[in-house]
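Subject: Structure for you to look at

Hello,

I am handing over the structure we spoke about, and I would ask you to open it beside this message and follow along as you read. My notes on what was found come after it.

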Amino acid sequence: MNKRGRSANDLILARKKIETMSDDKMILAYRAPTSMDAALLVQALEAVGITTVQSGGQASGGFGELPADSLQVDIWIAPDKAELARKTIEDIQRQDKAQPPEWACAKCGESNDGEFEICWSCQAPHDAA
Ligand SMILES: [Zn+2]
């Protein structure tokens, strides 16, 4: 009995899949400033079913000291996912800015956390100003 035949076939299939994924039709979805940003983004993209390929950053490796911008990570996706990816990235960037700034109550002058809708001190609504 030779069971190796089957696994060799599987390997060829897997290799073909990788070739398809990494062909030059992929488009650049985002250039992340650090590999940490890239990791977050990749996680979000994969959560909506987008396969990503990363280049640059630590993956392209090399030892020793690297200039700061070599830590940038390019995230590549299939062109048919471009629209979904764009929306996903926009959502993430919106969430990043989701912390609203502190505001000063127009009525009593107390400062309130951005997420408060009414003044904690006098209960005046934020948009009364
Ligand atoms: Zn107030």
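A good place to begin is one helix and its surroundings: the buried residues of H2 pack against S1, S2, S3 and H3. Please keep in mind throughout that this is a predicted model, and that every value below was computed from it.

For orientation, the protein contains 3 helices and 5 strands, and, read along the sequence, these follow the pattern α-β-α-β-β-α-β-β. Of its 129 residues, 12% are buried. If you take the contacts between residues at least 6 apart in sequence, 44% of them join residues that are at least 24 apart.

Helix H2

H2 is made of 13 residues, and the distance from its first C-alpha to its last is 18 Å, close to the 18 Å expected at 1.5 Å a residue. Which residues of H2 are buried? They are Ala-38, Leu-41, Val-42 and Leu-45, and, when you look down the axis of H2, its buried residues fall within an arc of 105°, so they line one face of the helix. On the face turned away from that buried side you will find the exposed residues Met-36, Gln-43 and Ala-47. Just after H2 comes Gly-49, which takes a positive phi of about 90°.

The sheet

Three of the strands named above belong together, since 3 strands form an open sheet in the order S1-S3-S2, with antiparallel pairing. S1 and strand S2 (52-56) are the edge strands, each of them pairing on one side only. On average, and ignoring direction, neighbouring strands in this sheet are turned by 30° against each other.

It may help to trace the two pairings one at a time. S1 and S3 pair in the antiparallel sense over 5 bridges, and one position to look for is Ala-32, whose bridge partner in S3 is Val-73. S2 and S3, which also run antiparallel, are joined by 5 bridges; here Thr-52 has Ile-77 as its bridge partner in S3, while Val-53 has Trp-76.

Two helices pack on this sheet. H2 touches S1, S2 and S3, and its direction makes about 15° with that of S3, whereas helix H3 (residues 82-96) touches S1 and S3, with a direction that makes about 15° with that of S1.

Now turn to the side chains of S3 itself. In a regular strand the side chains alternate between the two faces of the sheet. Which residues of S3 point to one face and are buried, and which point to the other and are not? Val-73, Ile-75 and Ile-77 are the buried ones on one face, while Asp-74 and Trp-76 point to the other face and are not buried.

The nonpolar core

In soluble globular proteins, nonpolar side chains tend to be buried together. The largest nonpolar core of this model has 11 residues in all, namely Ala-29, Tyr-30, Ala-32, Ala-38, Leu-41, Val-42, Leu-45, Val-73, Ile-75, Ile-77 and Ala-85. The elements that give two or more residues to this core are strand S1 (27-32), helix H2 (35-47) and strand S3 (73-77), and H2 gives the most, with 4 residues. For a single residue to follow within the core, you might choose Tyr-30, which, leaving aside its neighbours within four places in sequence, is in contact with Leu-41, Ile-75 and Ile-89.

Two residues after S5

Lastly, please look at the segment after strand S5 (111-112), where Gln-123 has its place. Gln-123 has a positive phi of about 65° although it is not a glycine. Is Gln-123 buried or exposed? It has 10 C-beta neighbours inside 10 Å, and a residue with 12 or fewer is called exposed, so Gln-123 counts as exposed.

Ala-124 is found in that segment after S5 as well, and it is partly exposed, with 16 other C-beta atoms within 10 Å. Not counting residues up to four places away in sequence, Ala-124 touches Cys-105, Ala-106, Lys-107, Cys-108, Ile-118 and Cys-119. Between Ala-124 and Ala-106, which are 18 residues apart along the chain, the C-alpha atoms are separated by 8.1 Å.

With best wishes

Terms used:
Residues numbered from 1 in each chain as written. Predicted model: local features only at pLDDT ≥ 70, side-chain atom pairs only at ≥ 80, totals over all residues. Core = buried A, V, L, I, M, F, W, Y, C linked by C-beta atoms within 7 Å. Buried ≥ 20, exposed ≤ 12 C-beta atoms within 10 Å, placed from the backbone. Contact = placed C-beta atoms within 7 Å. Pairing = 2+ DSSP bridges. Axes fitted to C-alpha atoms, helices over the stretch in contact; angles between N-to-C directions. Expected span 1.5 Å × (residues − 1). Arc of directions from axis to C-beta.
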